[in-house]
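The following exercises concern charged side chains and the elements that carry them. Each task is followed by a solution worked in steps.

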Amino acid sequence: MKKSFLLKALLCFAVTFMLHMEKSSAQNLKLIAEVTQATEQLRKAMVDADTVTLEKLTSGELSYGHSSGKLQTKKEFISDLATGASHFVSINLTDQDVKVVGNTAVVRHILTAATNDKGKGPGITKLGILLVWVKNKTQWQLLARQAVKVP
């Protein structure tokens, strides 16, 4: 009798555990989709120099790191795009990986872009990018970005 009870209890535990894991996995996939969408909105807003969307997608505490080592605040990042000091003609993102832990997400990808920065003229850049997103209530916002040059 005890053995039968233990087997039933173990089976119930296993089923409950698997249902919980399935729910957690579905929730994580939903969060990954949200972060992927926010990353795509950021890419498009950078190409379009869409300051309204950039304001919405970036945290007030943004730390925006360039491959040169230059760091910018939210205000500086958006201003450079608005004035053309930093101008992206196109941005292509590849090899993207998204991980979500709680209300924080880490995105890594390769950014290949055609640029035409004011005073520099046309150029092509290829960078490894690390983005750190945080979820504030229902909105994912970019908290940090760091770029490194890749071959």
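The exercises below refer to this predicted model.

**Exercise 1. Salt bridge within a helix**

Determine how many salt bridges the structure holds, and state where Glu 40 and Arg 43 lie relative to each other in helix α1.

Solution.
Step 1. The count for the structure is seven salt bridges.
Step 2. One of them joins Glu 40 to Arg 43, with the closest N and O atoms 2.7 Å apart. The cut-off for a salt bridge is 4 Å.
Step 3. Helix α1 spans residues 2–48, and the two partners are three residues apart in it, so about one helical turn separates them.
Step 4. Glu 40 is partly exposed, its relative accessible area being 36%.

**Exercise 2. Salt bridges between elements**

For the pairs Glu 55 with Lys 74 and Asp 80 with Lys 70, identify the elements involved and decide whether each residue is buried or partly exposed.

Solution.
Step 1. Between Glu 55 and Lys 74, the closest N and O atoms of the salt bridge are 3.4 Å apart. Glu 55 belongs to helix α2 (residues 51–57) and Lys 74 to helix α3 (residues 74–83), so this pair ties together parts that are 19 residues apart in sequence.
Step 2. Glu 55 has a relative accessible area of 42% and is partly exposed, whereas Lys 74, at 14%, counts as buried.
Step 3. In the salt bridge of Asp 80 with Lys 70, the closest N and O atoms are 3.6 Å apart. Asp 80 lies in helix α3, while Lys 70 lies in the loop between β1 (58–65) and β2 (71–72); the pair therefore ties together parts that are ten residues apart in sequence.
Step 4. Asp 80 counts as buried at 19% relative accessibility, because buried means under 20%. Lys 70 is partly exposed at 43%.
Step 5. A further case is a network of salt bridges that links Lys 30, Glu 34 and Lys 135.

**Exercise 3. The sheet and helix α3**

Establish the order of the strands in the sheet and describe how α3 packs on it.

Solution.
Step 1. Six strands form an open sheet with mixed pairing, in the order β2-β1-β6-β5-β4-β3. Its edge strands, each pairing on one side only, are β2 and β3 (88–101).
Step 2. At the β2 edge, β1 and β2 pair in the antiparallel sense over two bridges. Gly 65 stands opposite Leu 71 in β2.
Step 3. Helix α3 packs on the sheet and touches β1, β2 and β3; its direction makes about 75° with that of β1.

**Exercise 4. Buried charges without a salt bridge**

For Asp 117 and Arg 145, find the nearest side chain of opposite charge and list the surrounding contacts.

Solution.
Step 1. Asp 117 lies in strand β4 (residues 104–117). Asp 117 is buried and has no salt bridge; Lys 120, the nearest side chain of opposite charge, is 4.2 Å away.
Step 2. Beyond residues up to four places away in sequence, Asp 117 touches Gly 84, Ala 85, Ser 86 and His 87.
Step 3. Arg 145, in strand β6 (residues 139–149), is also buried without a salt bridge, and the nearest side chain of opposite charge, Asp 80, is 10 Å away.
Step 4. A polar contact of 3.4 Å joins the side chain of Arg 145 to that of Tyr 64.
Step 5. Apart from neighbours within four places in sequence, the contacts of Arg 145 include Ser 63, Tyr 64, Gly 65 and His 66, as well as Leu 127, Ile 129, Leu 130 and Leu 131.

Notes
Residues numbered from 1 in each chain as written. Predicted model: local features only at pLDDT ≥ 70, side-chain atom pairs only at ≥ 80, totals over all residues. Heavy atoms only, no water. Helix = DSSP H or I, 4+ residues; strand = E, 2+ residues; numbered from the N terminus. Buried < 20%, exposed > 50% of the residue type's maximum accessible area, 1.4 Å probe, protein only. Lys, Arg positive; Asp, Glu negative; His and termini not counted. Contact = heavy atoms within 4.5 Å. Pairing = 2+ DSSP bridges. Axes fitted to C-alpha atoms, helices over the stretch in contact; angles between N-to-C directions. Polar contact = N/O pair within 3.5 Å; in protein donor to acceptor, adjacent residues only side chain to side chain.
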